[in-house]
Amino acid sequence: MSRIVTGIYDDHRIVQEGILALLKDVPDIEVVSISQQSDRLLEELKSHPLHILIINLHNTAPVSFNFISDISLIFPGIRILVLSVLSSEEAILKSIKAGA
């Protein structure tokens, strides 16, 4: 069975490290990209195709959903998994409509 190539995007290093710690011992998952900057992530995705991108959503600012949408349009093969402390139906629906 092939490995699930995964990336992590969050602007907080501690969140990145926490997600990585949870995934590092999962035999079928390989984390190949960890990024704090959206422009850097987009460049990395060009050379490191992913199966899954994990994004931690902190707020409901339009820029967050636009970023998800951009990734979905530019890299349609990447599945986006959104982690969030936001529990509003609006944030969930906006994430799904953006491509998560």
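**Exercise 1. The two sides of helix α4**

Which exposed residues does the face of α4 turned away from its buried side carry? Work it out on this predicted model, starting from the buried side.

*Solution.*
- Step 1. Locate the helix and its buried positions: α4 spans residues 89-98, and its buried residues are Ala91, Ser95 and Ala98.
- Step 2. Look down the axis of α4. The buried residues fall within an arc of 70°, so they line one face of the helix.
- Step 3. Turn to the face pointing away from that buried side. There you meet the exposed residues Glu89, Ile96 and Lys97.
- Step 4. Ask what lies over the buried residues of α4: the cover includes β3, α3 and β4 (79-84).
- Step 5. Follow the chain just past the end of α4, where glycine 99 adopts a positive phi of about 130°.

**Exercise 2. Serine 95 and leucine 81**

Is serine 95 buried or exposed? Find its contacts, then do the same for leucine 81.

*Solution.*
- Step 1. Serine 95 belongs to helix α4. Buried means under 20% relative accessible area. Serine 95 has a relative accessible area of 6%, so it is buried.
- Step 2. Setting aside residues up to four places away in sequence, serine 95 touches Leu57, Phe65, Ile68, Val82 and Ala100.
- Step 3. Leucine 81 sits in strand β4. With a relative accessibility of 42%, leucine 81 counts as partly exposed.
- Step 4. With the sequence neighbours up to four places away again left out, leucine 81 touches Ile52, Leu53, Ile54 and Ile55.
- Step 5. Now relate the two residues: they are 14 residues apart along the chain, and 9.5 Å separates their C-alpha atoms.

**Exercise 3. Building the sheet**

In what order do the 4 strands of the open sheet lie? Trace how they are joined.

*Solution.*
- Step 1. The order is β2-β1-β3-β4, and the pairing is parallel.
- Step 2. Pick out the edges: β2 and β4 each pair on one side only.
- Step 3. From one strand to the next, the twist averages 25°.
- Step 4. Take the β1 and β2 pair. These strands run parallel and are joined by 6 bridges, with β2 covering residues 29-35. Threonine 6 has valine 31 in β2 as its bridge partner.
- Step 5. Between these two strands the chain passes through helix α1 (residues 13-23), giving a right-handed β-α-β crossover.
- Step 6. Move to β1 and β3, which pair in the parallel sense over 4 bridges. Here tyrosine 9 stands opposite isoleucine 55 in β3.
- Step 7. Add a helix: α3 packs on the sheet and touches β1, β3 and β4, its direction making about 175° with that of β3.

**Exercise 4. The nonpolar cores**

Which elements each supply at least two residues of the largest nonpolar core? Begin with its best-connected members.

*Solution.*
- Step 1. The largest core has 16 residues, and those touching the most other members are Leu41, Leu45, Leu53, Ile55, Ile71 and Ile78.
- Step 2. The elements that each give at least two residues are β1 (4-9), α2 (38-47), β3 (52-57) and α3 (62-74). The largest share, 4 residues, comes from α3.
- Step 3. Zoom in on isoleucine 55. Beyond its neighbours within four places in sequence, isoleucine 55 contacts Tyr9, Ile68, Ile71, Ile80, Leu81, Val82 and Leu83.
- Step 4. Finish with another core that lies apart from the largest core; it has 5 residues, among them Ile8, Ile19, Leu23 and Ile54.

Definitions and conventions. Residues are numbered from 1 along each chain as its sequence is written. This is a predicted model: local features need pLDDT of at least 70, side-chain atom pairs count only at pLDDT 80 or more; totals for chains, interfaces and linings use all residues. Side-chain values use heavy atoms; hydrogens and water are left out. A nonpolar core is a set of buried Ala, Val, Leu, Ile, Met, Phe, Trp, Tyr and Cys residues joined through side-chain atoms within 4.5 Å. Buried means under 20% relative accessible area, exposed over 50%, partly exposed in between (1.4 Å probe, protein chains only). Contact means heavy atoms within 4.5 Å. Two strands pair if DSSP finds at least two bridges between them. A crossover is right-handed if, with the strands pointing away from the viewer, the path from the first strand over the helix to the second runs clockwise. The arc is that of the directions from the helix axis to the C-beta atoms. Axes are lines fitted to C-alpha atoms, for helices over the stretch in contact, and angles run from 0 to 180 degrees between N-to-C directions.
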